[in-house]
Amino acid sequence: MKRTRLNLTHKKLGAKMIEFFDWEMPVEYSGLIQEHMAVRTKAGLFDVSHMGEILITGKDALDFVQYLTPNNAARLTPGKVQYSALTTPEGTFVDDLLVYCLEENIYFLVVNASNSDKDYEWILSHKNGFDVKVENQSSCYSQIAFQGPLAFGILKPLTEVNLEQMNSFTSNWGHVAGEEALISRTGYTGEDGFEIYTLSQNPEKIWNVILEQGKEDGILPVGLGARDTLRLEATLMLYGNDIDETTTVLEAGLGWIVKFKKGDFLGRDVLLRQKEEGIERKIVGFEMIERGIPRPHYPVFIGDEKISQVTSGTFSPYLKKGIGLTYLPIEYTEIGTMIDIGIRDKKIKTQVVPLPFYKRIKE
Amino acid sequence: MYPDNFYYTKDHEWVRIEGDKGTIGITDFAQKQLGDVVYVELPAVGTNLEFHQTIGVVESVKAVSDVYSPVSGEVVAVNTELNDSPELLNEDPHGKGWMIQIKIRDDSELQKLMTVEEYEKFLEGLEE
């Protein structure tokens, strides 16, 4: 099993460790609900060093990124970040990812841990004709996410980087707790916050100094358990659950990352046809009306007919009820549509609700 | 930690005997394994349970776990407080977090269960 450089730090904190796609990762420390609410109301610290990092450099780096991804990477100036995808020729997902423009013709792709090897091979297999160098740097980087309304104020004295000047979806090189790092104003929780990438051999310095700095404010280390409930409330897709090689970018409700005008990219033809003809199914969110917790793969019914299955589902610690995502035929996707979830031998009533389930109030 | 007048199972249920009644719950070890409990499903009063039959389901945010009856008998009471306060299973698993009470049909079944000493030894084995 693979271990992050913070593995012992987690064990010292008493984390419950689990295997997650061949990585030994903390799933919870003090308790999932407490950790979840700490991120919503204060701040929480996550080790997400299992995430993959792939560097694309060279004369054709921009053209190559443009070809691999549907969003418009030409809009990225150095220091800007965008959410995008690696798409198949069918307009489905090889993965979803963040694209960083670090400098002109230097692009840093942050991909899912479970996909980093597949993505690297995929990217290599398409580089013919592009003058680029592709490097899988996944094992080099540690990544620490610091998320929540207090994250900004706690991080500020620990870095020389002017955080005030960092908008959402920008990044900057600097130091945190004396360690060189790429600081990025991004996250996977629905809160304001930062993701900190470092090549340091001592990322625990960053971890410990932030935890110490935020101690009086009641910040907590947060495991993968709450990471999942936070991202689902914020309706951020999870590869392997909500999106994969069978779901198109438009069906997943991510039309905003598809820029047809930018020129050709993998999957453009299929996605353009889907846009013109209309999609047949779409991802929707639902909330339980009756008691019960939806889980991935539970069947979804309209009347007696099983028409789908739950892709992500959980108990929402913030809303205090069961929530989930599923793909439905387009005629059933209207807000308020009643659907049933099969939980064990019962059908439990739910209804389609607007997404996201949770949206922070911006200052 | 574990009361010495309870009987225990390998699935981490406990039963407390008073006369011909047995009160049933899950152990502290079980609630720790599960994490924050957010949903409990219990049988109706009057249900007849066989030995080791599923009596209900306990769900944490992340996990779903079946609970089995340590003894056979008829359900005479259920802890309906758990519907609104499932966290009682975390806070007081051996007390306020009790799940059901049954009228024991055959008390010889208790011999198949573990005493507190045996259960604690069993837990030590799991932790190794």
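I'll start with a sheet in chain A. Six strands, 6 in number, form an open sheet in the order E11-E12-E13-E10-E4-E14, and the pairing is mixed. Keep in mind that this is a predicted model.

Which strands sit at the edges of that sheet? They are strand E11, residues 171-176, and strand E14, residues 220-221, of chain A, and each of them pairs on one side only. A general point, for those new to this: strands of a sheet pair through backbone hydrogen bonds, either parallel or antiparallel.

Take one pair from this sheet. Strand E4 of chain A, residues 44-47, runs antiparallel to strand E10 of chain A, residues 142-147, and 4 bridges join them. If you want a place to look, find Leu45(A), which stands opposite Phe146(A) in E10(A).

There is also a helix on this sheet. Helix H6 of chain A, residues 203-213, packs on the sheet and touches E4, E10, E11, E12, E13 and E14 of chain A. The direction of H6 makes about 15 degrees with that of E10(A).

Now chain A as a whole. How many helices and strands does it have? Chain A has 8 helices and 20 strands. Its radius of gyration is 20 Å, and the globule rule gives 21 Å for 363 residues; the two are close, so chain A is as compact as a globular protein of that length. The C-alpha atoms of chain A fill a box of roughly 60 × 55 × 40 Å along the principal axes.

Of the 363 residues in chain A, 47% are buried. As for contacts, take those in chain A between residues at least 6 apart in sequence: 66% of them join residues at least 24 apart.

Next, the domains. The domain assignment of chain A gives domain 1, which is 2-49 + 141-233, and domain 2, which is 280-363. The C-alpha centres of these two domains of chain A lie 30 Å apart. The contact between them takes 10 residues from domain 1 of chain A and 10 residues from domain 2 of chain A. On the domain 1 side, H2 and H7 of chain A each supply at least two residues. The residues of that side divide into 3 nonpolar, 3 polar and 4 charged.

On to the contact between the chains. How many residues does each chain give? Chain A gives 12 residues and chain B gives 8 residues. On the side of chain A, the elements that give two or more residues are helix H2 (32-41), helix H7 (224-233) and strand E17 (305-316). That side of chain A divides into 5 nonpolar, 4 polar and 3 charged residues.

Last, a sheet in chain B. This is an open sheet of 6 strands in the order E1-E2-E3-E9-E8-E5, with antiparallel pairing. Its edge strands are E1 (6-8) and E5 (48-49) of chain B, each pairing on one side only.

I'll go through three of the pairs. E1(B) pairs with strand E2 of chain B, residues 13-18, in the antiparallel sense over 3 bridges, and Tyr8(B) stands opposite Trp14(B) in E2(B). At the other edge strand, E5(B) pairs antiparallel with strand E8 of chain B, residues 73-78, over 2 bridges. There, Asn48(B) stands opposite Glu74(B) in E8(B). E8(B) also pairs with strand E9 of chain B, residues 100-104, in the antiparallel sense over 5 bridges. In that pair, the bridge partner of Gly73(B) is Ile104(B) in E9(B).

Technical notes:
Residues are numbered from 1 along each chain as its sequence is written. Chains are lettered from A and ligands numbered from 1 in the order in which they are written. This is a predicted model: local features need pLDDT of at least 70, side-chain atom pairs count only at pLDDT 80 or more; totals for chains, interfaces and linings use all residues. Two residues are in contact if their C-beta atoms, placed from the backbone, lie within 7 Å. Helices (H or I, at least four residues) and strands (E, at least two) are DSSP runs, numbered from the N terminus. Ala, Val, Leu, Ile, Met, Phe, Trp, Tyr, Cys and Pro count as nonpolar, Asp, Glu, Lys and Arg as charged, and the others, Gly among them, as polar. The radius of gyration is taken over C-alpha atoms; the globule rule is 2.2 Å times the number of residues to the power 0.38. A residue is buried if 20 or more other C-beta atoms lie within 10 Å of its own, exposed if 12 or fewer, and partly exposed in between; C-beta atoms are placed from the backbone. Domain bounds come from an automatic or database domain assignment. Two strands pair if DSSP finds at least two bridges between them. Axes are lines fitted to C-alpha atoms, for helices over the stretch in contact, and angles run from 0 to 180 degrees between N-to-C directions.
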